[in-house]
Amino acid sequence: MKNFSVRRPAMLVFTAFLTLGVAACGDKDASDSPPAIQAGEAVPPPAGQEWTDVVSQTPSGGYVMGNPDAAIKIAEYASFTCPHCKDFAEASDGERDEMVKTGKISFEYRPFVRDPLDMTVALLAACNGPETYFPLAHQLFANQAAMYEQAQGAGEEAYAKAVQAPPKERFVMIAQLAGLIDYVKQRGISEEKAKQCLSDDKQADALAAQVQESTQKYNITGTPTILMNGSVLENVLTWDVLKARLKESGI
């Protein structure tokens, strides 16, 4: 049975029959890298908080963690169905947050939706809002292999039927096939709330539109794609490489 993850450019239809180009996982063209930026001194967080507690939604459809005035602003375009993005999430675990706690850097995750299963996970990741976004996204990445196994076990016919369902039913059906509703129920999202988030076709359309806009703006051809202060970093596809760049900047 074929893998539901898309690894080459393709066209997929989402809610309201909005069509968007789908980037490959781990396959992107190089862009000019900006010069190294110096992070400066550590900045204390608000009283009673760590900078990792300061999380908000962004106009780009992502979620940003950390000092909003940080000298270095990192944004990652990533896909929940991309194995390279999963590897990046696992490798950065802990170290990223320690860097954010200095107040020198903020980190934004921007979902780059590549396929219907990816859209399903993205909707669930945001279901409880900013406060739980980063830990829940991390756990959804960790569940990637199990999600694929369950979705594939349901069979291609069932998956195709779910993809072709009306917009308000499509991602609920895909989530049920992939075991995702039960997964998030164990992490504080009720079944009713999960289904409500999954049937939010306006939010799905907004995510799809943001993929189109980002692709055009940054020439994104693969995930992960990393930005530093609004510029794409050349050949920075793993946490180790990004970490080295950040160390050069004084993080």
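## Burial and the aromatic residues

A residue counts as buried when its relative accessible area is under 20%, and in this predicted model phenylalanine 80 falls below that cut-off because its relative accessibility is 1%. Tyrosine 109, at 4% relative accessibility, is therefore buried as well.

The count of aromatic pairs comes to 9. In one of these, tyrosine 77 and tyrosine 218 stand 5.9 Å apart from centre to centre with 50 degrees between their planes, a tilted arrangement. This pair links distant parts of the chain, since tyrosine 77 belongs to strand β6 while tyrosine 218 belongs to helix α10 (residues 201-218), 141 residues apart. Both tyrosine 77 and tyrosine 218 are buried. Phenylalanine 80 and tyrosine 109 form another tilted pair, with 5.4 Å between the centres and 45 degrees between the planes. Here too distant parts of the chain are linked: phenylalanine 80 lies in the loop between β6 and α1 (83-92), and tyrosine 109 lies in strand β7 (residues 105-111), 29 residues apart. Ring pairs also join Phe80 and Tyr109 with Tyr63, Tyr133, Phe134 and Phe141 into a cluster.

## Strand β9 and its partners

Strand β9 covers residues 225-228, and its side chains alternate in direction, with Thr225 and Leu227 pointing one way and Ile226 and Met228 the other way, although all of them are buried. Strand β6 (residues 72-78) runs antiparallel to β9 and is joined to β9 by 4 bridges. Tyrosine 77, already met in the pair with tyrosine 218, has threonine 225 of β9 as its bridge partner.

Strand β9 is also joined to strand β10 (residues 231-232), again in antiparallel fashion, by 2 bridges. Methionine 228 has serine 231 in β10 as its bridge partner. The hairpin of β9 and β10 has 2 residues between the strands, and in this hairpin asparagine 229 takes a positive phi near 50 degrees.

## Helix α1

The buried residues of helix α1 are Cys85, Lys86, Phe88, Ala89 and Ser92. They lie on the same side of α1, because the arc that they cover around the axis is only 160 degrees. Just after this helix, glycine 94 takes a positive phi of about 90 degrees.

## The largest cavity

A search of the whole structure finds 2 cavities of 30 Å³ or more, and the largest cavity has a volume of about 110 Å³. Among the residues that line the largest cavity are Phe88, Ala89 and Ser92, which also appear among the buried residues of α1. The lining of the largest cavity further includes Tyr109, Phe134 and Phe141, and these residues belong to the cluster of linked rings described above.

Helix α1, strand β7 and helix α4 (130-142) each supply at least two residues of the lining of the largest cavity. The largest share of that lining, 4 residues, comes from α4.

## Charges over rings

Arginine 96 and phenylalanine 107 are both included in the lining of the largest cavity, and arginine 96 lies over the face of phenylalanine 107, at 5.1 Å from the ring centre. A further contact of a charge with a ring involves arginine 187, whose charged end sits over the ring of tyrosine 183, 3.6 Å from its centre.

Notes: Residues numbered from 1 in each chain as written. Predicted model: local features only at pLDDT ≥ 70, side-chain atom pairs only at ≥ 80, totals over all residues. Heavy atoms only, no water. Buried < 20%, exposed > 50% of the residue type's maximum accessible area, 1.4 Å probe, protein only. Pairing = 2+ DSSP bridges. Phe/Tyr/Trp six-rings, centres within 6.5 Å; stacked < 30°, edge-to-face > 60°. Lys NZ or Arg CZ within 6 Å of the ring centre and 35° of its normal. Arc of directions from axis to C-beta. 1 Å grid on protein atoms, 1.4 Å probe; cavity = no way out; pocket = protein on both sides within 12 Å on 5 of 7 lines; lining within 4 Å. Points joined across faces, edges and corners; volume = space filled by probe spheres on them.
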